Amino acid sequence: IRDSNYTLRQASEDDLDWIVSLEQREDYAPFICRWSREVHARNLPDADMLYLLAVDPRGQKVAFVILAGLRSAARSIELVRIVVAEPGTGVGKPLLRRVINLAFNDLNAVRLWLDVFDDNDRARHVYQSVGFKEEEVLREAALKSDGRFGSLVVMSILAGEYQSG
C-alpha cells in the first residue's frame with residue numbers, strides 16, 4: 001500500500017529489532033505492554049497475525065502495526081498495536097485510517113477492535129476521531145511496564161459504520 005507519504009509493507013524478521021526498540025522507549029512505557037523479541041519472532045509467521053511497517057520515501061521506518069484475528073470466523077480483527085516512531089509528525093491518524101481501510105476492504109472484517117489504557121487520552125481521542133466507539137472498561141486488566149495494573153478501554157468500529165461514515 002503506497003501513498004505520497006509512506007509505503008505500508010509486511011514486516012520481516014529483519015525488522016524485529018527496530019520494533020522491539022520502539023516498544024522499549026521509556027516515553028511509551030505507560031501506554032504499551034512490551035513484548036520480547038522472542039514473542040514477536042513467534043508471532044511474525046503466524047497466519048492469524050499481520051505485522052506491517054510504514055516506511056517513508058527515504059526508506060526510514062516511521063511506524064508499525066500489529067493485527068490479530070485474521071482467521072476469526074466472526075471476522076473480528078484486533079488492532080493489537082500501532083506505534084509511531086515520532087509522535088506529532090502527522091503519521092498516526094492517516095496510518096490508522098489506512099489500517100481501518102485494510103481491515104474492512106482487504107481483510108473482509110466485520111469488526112475492528114482494540115483496547116487502550118484508560119489513561120491514554122491522546123490515543124483514545126485519535127481512535128474516536130476516526131470512528132471507534134468505546135464499548136467497555138476492563139478494570140485493572142493489564143500489567144503495565146512500571147509494575148502497576150492498568151484498566152483497558154475496549155473500542156471498536158464496525159464495517160457498516162465505516163462504510164456509512
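The following paragraphs describe the sheet, two of the helices that lie across it, and several salt bridges in this predicted model.

The sheet is open and consists of seven strands in the order 1-2-3-4-5-7-6, with mixed pairing. Strand 1 (7-10) and strand 6 (133-143) occupy the edges; each has a single partner strand, so one side of each lacks a neighbour in the sheet. From one strand to the next, the twist averages 30°. Strand 1 pairs with strand 2 (residues 49-55) in the antiparallel sense over four bridges, and Arg9 has Leu53 in strand 2 as its bridge partner.

Two helices may now be placed against these strands. Helix 3 (residues 92-106) lies across strands 1, 2, 3, 4, 5 and 7 and runs at about 160° to strand 4. Helix 4 (residues 121-129) lies across strands 4, 5, 6 and 7, running at about 160° to strand 5.

Side chains of opposite charge can pair when their charged atoms come close. In the whole structure, 12 salt bridges are found. One of them joins Arg37 to Glu13, with the closest N and O atoms 3.1 Å apart. Because Arg37 belongs to helix 2 (residues 37-43) and Glu13 to the loop between strand 1 and helix 1 (16-23), this pair ties together parts 24 residues apart in sequence. Arg37 is partly exposed, at 27% relative accessible area, and Glu13 is also partly exposed, at 39%.

Another salt bridge is formed by Arg111 and Glu135 (2.6 Å, N to O). This pair links distant parts of the chain, with Arg111 in strand 5 and Glu135 in strand 6. Finally, salt bridges with shared partners join Arg9, Asp15 and Lys61 into one network.

How values were computed
Residues numbered from 1 in each chain as written. Predicted model: local features only at pLDDT ≥ 70, side-chain atom pairs only at ≥ 80, totals over all residues. Heavy atoms only, no water. Pairing = 2+ DSSP bridges. Axes fitted to C-alpha atoms, helices over the stretch in contact; angles between N-to-C directions. Contact = heavy atoms within 4.5 Å. Salt bridge = Lys/Arg side-chain N within 4 Å of Asp/Glu carboxyl O. Buried < 20%, exposed > 50% of the residue type's maximum accessible area, 1.4 Å probe, protein only.
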